[in-house]
Protein chains: 2
Amino acid sequence: MKRPPTMKDIAAELELSVSTVARSLADSPRISRETRARVVSAAERLGYVIDLAARAMRSGTSSIVGLIVPDIRNDFYSTAAKAIADCCQERGHQLVLAVTDDDPKLELEHLRNLRSARALGFIIIPSVTPAQETLRLMRATPHVQFVRNCSKVESDWFGIEDGEAMRLAARHLIDLGHRRIAYIGSTVAISTGRDRLEGFRRTLQDAGIAIDERLVKAGSCDTEFGFAAMQAILAEPQPPSAVVTAGARMSIGAYDCARASGVAIPSALSFVGFSDSPTLRWCGAGLTTIALPVRELAMTATDFLFRKTGSDFKTGRPCRVMLTPSILKRGSTAAPRRAIEPV
Amino acid sequence: MKRPPTMKDIAAELELSVSTVARSLADSPRISRETRARVVSAAERLGYVIDLAARAMRSGTSSIVGLIVPDIRNDFYSTAAKAIADCCQERGHQLVLAVTDDDPKLELEHLRNLRSARALGFIIIPSVTPAQETLRLMRATPHVQFVRNCSKVESDWFGIEDGEAMRLAARHLIDLGHRRIAYIGSTVAISTGRDRLEGFRRTLQDAGIAIDERLVKAGSCDTEFGFAAMQAILAEPQPPSAVVTAGARMSIGAYDCARASGVAIPSALSFVGFSDSPTLRWCGAGLTTIALPVRELAMTATDFLFRKTGSDFKTGRPCRVMLTPSILKRGSTAAPRRAIEPV
DNA sequence: ACAGAGCGCGCAATCGATTGCGCAATCCCC
DNA sequence: GGGGATTGCGCAATCGATTGCGCGCTCTGT
């Protein structure tokens with residue numbers, strides 16, 4: 001519990017001034033080789049570690065990087081968190097984890113905290129409806145938006161080709177012979193929800209398939225919604241032969257509901273999940289799913305944030321990076337029982 | 001990017017001294033009601049937020065809490081992280097996430113960083129073989145050990161009844177009629193690995209069942225080991241009729257291997273998983289698994305850490321809290337094909 | 001041998017919040 | 001009405017690292 005030694009302690013030990021100690025540890029050229037060596041050795045011996053608070057105060061900004069996520073239990077975000085943590089660790093930054101539960105109030109509070117901590121910058125998956133002040137704070141601090149994009153703030157955005165993801169899913173089902181395909185996704189209030197649904201619609205349209213709006217469910221991002229949506233879809237007089245999901249959590253809920261309802265997958269219903277994790281391979285004969293290059297995306301975003309906060313950064317138009325998802329074809333999709341001829 | 005306003009700005013605005021501003025915001029009784037109100041309103045108007053670095057410097061300790069985990073993608077740890085993040089958020093602390101990958105070097109580096117940041121304390125799931133300096137740093141900072149216990153440091157420890165967990169698993173299988181039961185767990189170099197194996201052994205012994213050491217696999221904590229261990233077990237001339245796993249990651253790997261090998265679960269092999277997550281319910285007819293009260297445990301541990309760092313804390317003997325796991329009986333366990341009579 | 005150049009190091013201010021001490025004004029009571 | 005008590009606020013130091021400036025010493029060239 002005793003305080004770690006400071007530069008003052010080292011200076012006293014060696015009968016030097018604090019300035020000299022500071023310059024030695026900073027590798028300043030104005031210090032003789034010998035003195036530097038003595039200082040470095042004494043620092044090590046005494047167990048000196050720099051006081052980040054003092055440095056932050058002096059420099060006006062800390063080495064803290066914020067990560068603002070709706071849900072850390074979500075495999076998608078925890079994978080991203082791991083990648084981001086790795087990047088931060090490499091560069092000697094502290095990663096502050098802020099979980100919002102998609103609650104704008106919590107989100108704002110976390111943003112305020114990060115501002116209090118004079119965070120160097122942050123990576124944010126914006127909540128569905130950020131508060132006004134949240135937007136202001138975002139504009140006032142270097143940051144990147146991750147996956148979701150809140151267009152009310154002009155920021156750099158690192159996302160996935162959401163439309164393409166759904167095109168892959170829908171195309172796969174269409175190729176298998178499905179014509180009546182349901183969609184369960186997140187609200188169109190978020191960019192990702194909008195783009196995914198858009199991609200789904202377009203693909204079906206391009207294939208000349210009419211969309212039954214009763215089979216299109218877009219709502220909240222949680223497991224419960226997925227469950228309820230699937231329930232509603234199964235209760236339709238003319239249930240679909242396939243379902244596409246467009247969100248990791250709701251995908252889980254939807255699949256859970258289908259299983260609980262005794263629907264045979266894939267013989268009675270083909271199911272395309274969203275996002276990937278080791279456990280998903282277990283579902284029945286494995287889950288056909290949309291895989292996202294999460295780690296790559298997260299590392300790209302973090303690197304960019306660091307470059308941006310660096311001194312040599314020229315600010316230009318907001319950067320926009322989109323990585324392409326892929327589809328993992330496994331056992332939860334198959335041709336429909338009776339292939340229906342295209343209309 | 002412009003600096004947030006400071007107390008000095010507020011003081012200038014109101015033609016007061018910085019001291020008065022500070023005392024007003026700190027709700028000191030030595031300030032008139034009117035002045036306090038003016039200060040508070042000006043602070044709000046200017047968008048003042050306290051500079052945590054300055055406060056940390058003055059007080060000698062920041063409001064940062066460290067969370068040192070081997071793997072944030074593990075559902076067990078991410079659930080704990082969520083609970084801990086919630087606690088921190090409630091109390092206005094920043095949670096710094098440090099992922100070690102069970103690498104002692106990374107672990108040490110993170111500990112050094114937290115010391116640099118003058119962290120208030122930390123919650124650590126110790127790596128398998130912490131470095132000497134890691135132990136020293138642990139002793140020098142308030143912390144609690146979570147789940148795993150490194151007995152080389154006398155700390156407060158919040159864990160689960162590991163022996164009891166395995167007793168539940170083994171007992172369940174024995175009651176179903178199994179007599180040849182394999183064990184796949186983590187290395188006995190960690191406390192949890194030791195205690196779990198111990199619990200497994202004792203339960204079988206108590207039931208008068210001899211243990212075939214060829215069916216006992218204890219190794220690293222990862223998915224790969226689980227896979228390999230299961231492979232080895234299935235290759236035995238006399239394979240078991242049931243398997244108990246004692247770790248979330250290796251449980252996944254083991255199950256994966258069994259499936260890949262075409263072993264029918266539960267008819268040819270009963271399988272007890274470890275830890276729980278929404279997706280686990282999907283495996284075949286659902287996975288029988290050991291459920292751990294993660295959230296409760298994490299919140300208890302965090303609360304304790306806060307109490308410990310508080311001023312009114314009387315230090316006594318290290319605290320030791322053990323919560324009890326439960327077993328979720330689902331579809332991956334059943335009676336063996338031919339019940340074997342007890343020896 | 002002397003002036004100027006260059007090297008090595010210390011002084012002191014700074015960042016923002018906090019706090020012990022002190023000063024002035026008002027108040028109370030007898 | 002006067003002395004002590006109380007109230008309301010400012011001064012200045014402090015935490016630890018960083019940095020512009022300057023001082024003294026050594027070295028070099030002529």
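Me: How do the residues of the surface near DNA strand C divide by class?

Reply: Keep in mind that this is a predicted model. The surface near DNA strand C splits into 12 nonpolar, 7 polar and 8 charged residues. Of the 27 residues around that strand, A:S19, A:T20, B:T6, B:M7 and B:S19 come nearest.

Me: Which helices supply at least two residues each to the surface near DNA strand C?

Reply: From chain A you get α2 and α4, and from chain B α1 (7-14), α2 and α4. The largest share comes from α2(B), with 5 residues.

Me: And what about DNA strand D, which residues are closest there?

Reply: Here 27 residues surround the strand, and the closest are A:M7, A:S19, B:S17, B:S19 and B:T20. The helices giving at least two residues each are α1 (7-14), α2 (18-25) and α4 of chain A, plus α2 (18-25) and α4 (52-59) of chain B. For DNA strand D the largest share, 5 residues, is from α2(A). By class, the surface near DNA strand D has 12 nonpolar, 7 polar and 8 charged residues.

Me: Now the two protein chains. How should I read the relation between chain A and chain B?

Reply: The general idea: two copies of a chain are related by a rotation about an axis and a shift along it. In this case, a turn of 180 degrees with a shift of 0.0 Å along the axis lays chain A on chain B, with an RMSD of 0.1 Å. That is the relation of a two-fold axis. The same surface serves both copies, as 100% of the contact residues of chain A recur in chain B.

Me: How many residues does each chain put into the contact?

Reply: Chain A gives 45 residues and chain B gives 45 residues. On the chain A side, α4 (52-59), α5 (75-91), β2 (94-99), α6 (104-116) and α11 (248-260) each supply at least two. The most comes from α5(A), with 7 residues. By class, the side of chain A that touches chain B holds 23 nonpolar, 11 polar and 11 charged residues.

Me: Which residues touch the most other members of the largest nonpolar core?

Reply: Those are A:L67 and A:L97, in a core of 172 residues. Leaving out residues up to four places away in sequence, A:L97 touches A:L67, A:I72 and A:A81, along with B:A81, B:A85, B:L95 and B:L97.

Me: Let's do backbone angles. What should I expect before I look for odd ones?

Reply: Most residues other than glycine have a negative phi, and most peptide bonds are trans. Now look at A:D27, whose phi is near 65 degrees, a positive value in a residue other than glycine. A:D27 sits in the loop between α2 and α3 (33-46) of chain A. In chain B, B:D101 also has a positive phi, near 55 degrees, and is found in the loop between β2 (94-99) and α6 (104-116).

Me: Why does A:D27 count as exposed?

Reply: Because A:D27 has 9 other C-beta atoms within 10 Å, and the cut-off for exposed is 12 or fewer. B:D101 has 16 C-beta neighbours inside 10 Å, so that residue counts as partly exposed.

Me: And where are the cis peptide bonds?

Reply: One joins A:I265 and A:P266, with omega about 5 degrees. A:P266 lies in the loop between α11 and β9 (270-274) of chain A. In chain B, the bond from B:I265 to B:P266 is cis too, with omega near 10 degrees. B:P266 lies in the loop between α11 (248-260) and β9 (270-274) of chain B.

How values were computed. Residues are numbered from 1 along each chain as its sequence is written. Chains are lettered from A and ligands numbered from 1 in the order in which they are written. This is a predicted model: local features need pLDDT of at least 70, side-chain atom pairs count only at pLDDT 80 or more; totals for chains, interfaces and linings use all residues. A nonpolar core is a set of buried Ala, Val, Leu, Ile, Met, Phe, Trp, Tyr and Cys residues joined through C-beta atoms within 7 Å. A residue is buried if 20 or more other C-beta atoms lie within 10 Å of its own, exposed if 12 or fewer, and partly exposed in between; C-beta atoms are placed from the backbone. Two residues are in contact if their C-beta atoms, placed from the backbone, lie within 7 Å. Helices (H or I, at least four residues) and strands (E, at least two) are DSSP runs, numbered from the N terminus. Ala, Val, Leu, Ile, Met, Phe, Trp, Tyr, Cys and Pro count as nonpolar, Asp, Glu, Lys and Arg as charged, and the others, Gly among them, as polar. A residue is near a molecule or strand if its C-beta atom, placed from the backbone, lies within 6 Å of it. Copies are superposed by least squares on the C-alpha atoms of residues with pLDDT of at least 70 in both.
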